[in-house]
Amino acid sequence: MAALKYAGLDDTDSEDELPPGWEERTTKDGWVYYQETDEKGQIFYVDHINKRTTYFDPRQAFTVEDVQVKPKRYDGNTAALEILQGRDLSDKVVVITGANSGIGFETAKSFALHGARVILACRNKTRAGEAVRLIQEEWHKAQVEAMALDLASLRSVKEFAQAFKAKNLPLHVLVCNAGVCTQPWKMTEDGLESTFQICHLGHFYLVQCLQDVLRRAAPARVVVVSSESHRFTDLVDSCGKVDLLLLSPPKKEYWSMLAYNRAKLCNILFSNELHRRLSPYGITCNAVHPGNMMYTSIHQSWWLMTLLFNLARPFTKSMQQGAATTVYCAVAPELEGLGGMYFNNCFRCLPSQEAENEATAASLWELSAQLVQQRVGPQAI
């Protein structure tokens, strides 16, 4: 049992094999915790998900309901600016990928209008510059700037990280927002299918490049924008390993929607594994679903998807509402120190079973590291 390992005790197969004094407890949301008495006779509990101990009853300390202090305050109708109402973020530095339009732009605007220094990390510097202008039109004191980042190029990712570090800024929040959907098959300069690299591998390498900056700014947060589309696919071969041919298929085996679904599953697996690896250093990570059938530029490479999204537009979230869950996970005080979770409509919810598979997440991490090292060099990770 992971909790017992964390507590320095041997693993067991059942509650009957728990060491003397230990008791298993289950909260009403289904999470399992372990109870023991310390040398002073006080009862303490182990949360094996977030690697924490507490002297509070876990039904009060760790349940989903208690993570959200005001569980009914925010929902699918909440706008990002509502979540930040009254917040002063002037001591925060935020980097957002793909922030020149859509949900990314609204996320950037929301942070900037509340005092944060915001970096729009975008492929198209002209469009990013226009986004900066629009934000500063709303508030002339907004600290917002654009920097070049093309996630389809590992070279560009490295150059962005070097340029950001040259500014000698801390980094408190990194939002991995950029993505593409329904793209025609295209190979990147790194020899990988573009949807996979833009949605996952580019962000994976970006976090590796900025990890030292995040550590120095701890407590820091990473938010990964995923999608409910992650539920409709898997990534592993018959041996249980993540299969590169599924993630970066040849042209004859490529289907754009399936590539997007797989990339979004990668996002959650990456988020969970990142949290497991970096939470001991004060960096937490959560994945979010912004909303269903939202009208953004992400789908506009395929006329059929554009038509469907236009038809659904009157019934879906606004861009401000779509940015709300990202903003919530980036700043909510009740989430301090907590991660490895998936949020929709500002509430924690369960992702697919495959998205919670720790072995798959570890396999994806290993494969991603290999792909980067093969293209950038052994010192890249």
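**Exercise 1. Work out which residues S110 touches, leaving out those up to four places away in sequence, and whether S110 is buried or exposed.**

Step 1: Look around S110 in this predicted model. Skipping residues up to four places away in sequence, you'll find S110 touching A80, L81, L84, Q320 and V327.

Step 2: Find its place in the fold. S110 is part of helix α5.

Step 3: Check the accessibility. The value for S110 is 0%, so S110 counts as buried, since buried means under 20%.

**Exercise 2. Stay in helix α5 and describe the surroundings of E106.**

Step 1: Helix α5 covers residues 102-112, and E106 sits in it.

Step 2: Now compare with the cut-off. E106 has a relative accessible area of 11%, and the limit for buried is under 20%, so E106 is buried.

Step 3: List the contacts. Leaving out residues up to four places away in sequence, E106 touches M319, Q320 and A323. Q320 also turned up among the contacts of S110.

Step 4: Try a backbone distance. E106 and S318 are 212 residues apart along the chain, yet their C-alpha atoms are separated by 9.9 Å.

**Exercise 3. Find out how many aromatic pairs the whole structure has, then classify the pair Y74 and Y328.**

Step 1: Searching the whole structure gives six aromatic pairs.

Step 2: Take Y74 and Y328. Their ring centres are 5.9 Å apart and the planes meet at 65°. Edge-to-face needs an angle over 60 degrees, so this pair is edge-to-face.

Step 3: See what the pair connects. Y74 is in the loop between α3 (64-67) and α4 (80-83), while Y328 is in helix α12 (residues 319-331), so the pair ties together parts 254 residues apart in sequence.

Step 4: Check burial. Y74 is buried at 11% relative accessible area, and Y328 is buried at 2%.

Step 5: Look for further partners. Ring pairs join Y74, Y328 and F343 into a cluster.

**Exercise 4. Do the same kind of analysis for F204 and W365.**

Step 1: The centres of F204 and W365 are 5.0 Å apart, with 80° between the planes, and this aromatic pair is edge-to-face.

Step 2: F204 belongs to helix α8 (residues 194-216) and W365 to helix α13 (residues 358-376), so you've got a link between distant parts of the chain, 161 residues apart.

Step 3: Both F204 and W365 are buried.

**Exercise 5. Say which ring R215 lies over, and at what distance from the ring centre.**

Solution: R215 lies over the face of Y281, 3.6 Å from the ring centre.

Methods
Residues are numbered from 1 along each chain as its sequence is written. This is a predicted model: local features need pLDDT of at least 70, side-chain atom pairs count only at pLDDT 80 or more; totals for chains, interfaces and linings use all residues. Side-chain values use heavy atoms; hydrogens and water are left out. Helices (H or I, at least four residues) and strands (E, at least two) are DSSP runs, numbered from the N terminus. Buried means under 20% relative accessible area, exposed over 50%, partly exposed in between (1.4 Å probe, protein chains only). Contact means heavy atoms within 4.5 Å. Rings of Phe, Tyr and Trp (its six-membered ring) pair if their centres lie within 6.5 Å; planes under 30 degrees apart count as stacked, over 60 as edge-to-face and the rest as tilted. A charge sits over a ring if NZ of Lys or CZ of Arg is within 6 Å of the ring centre and within 35 degrees of the ring normal.
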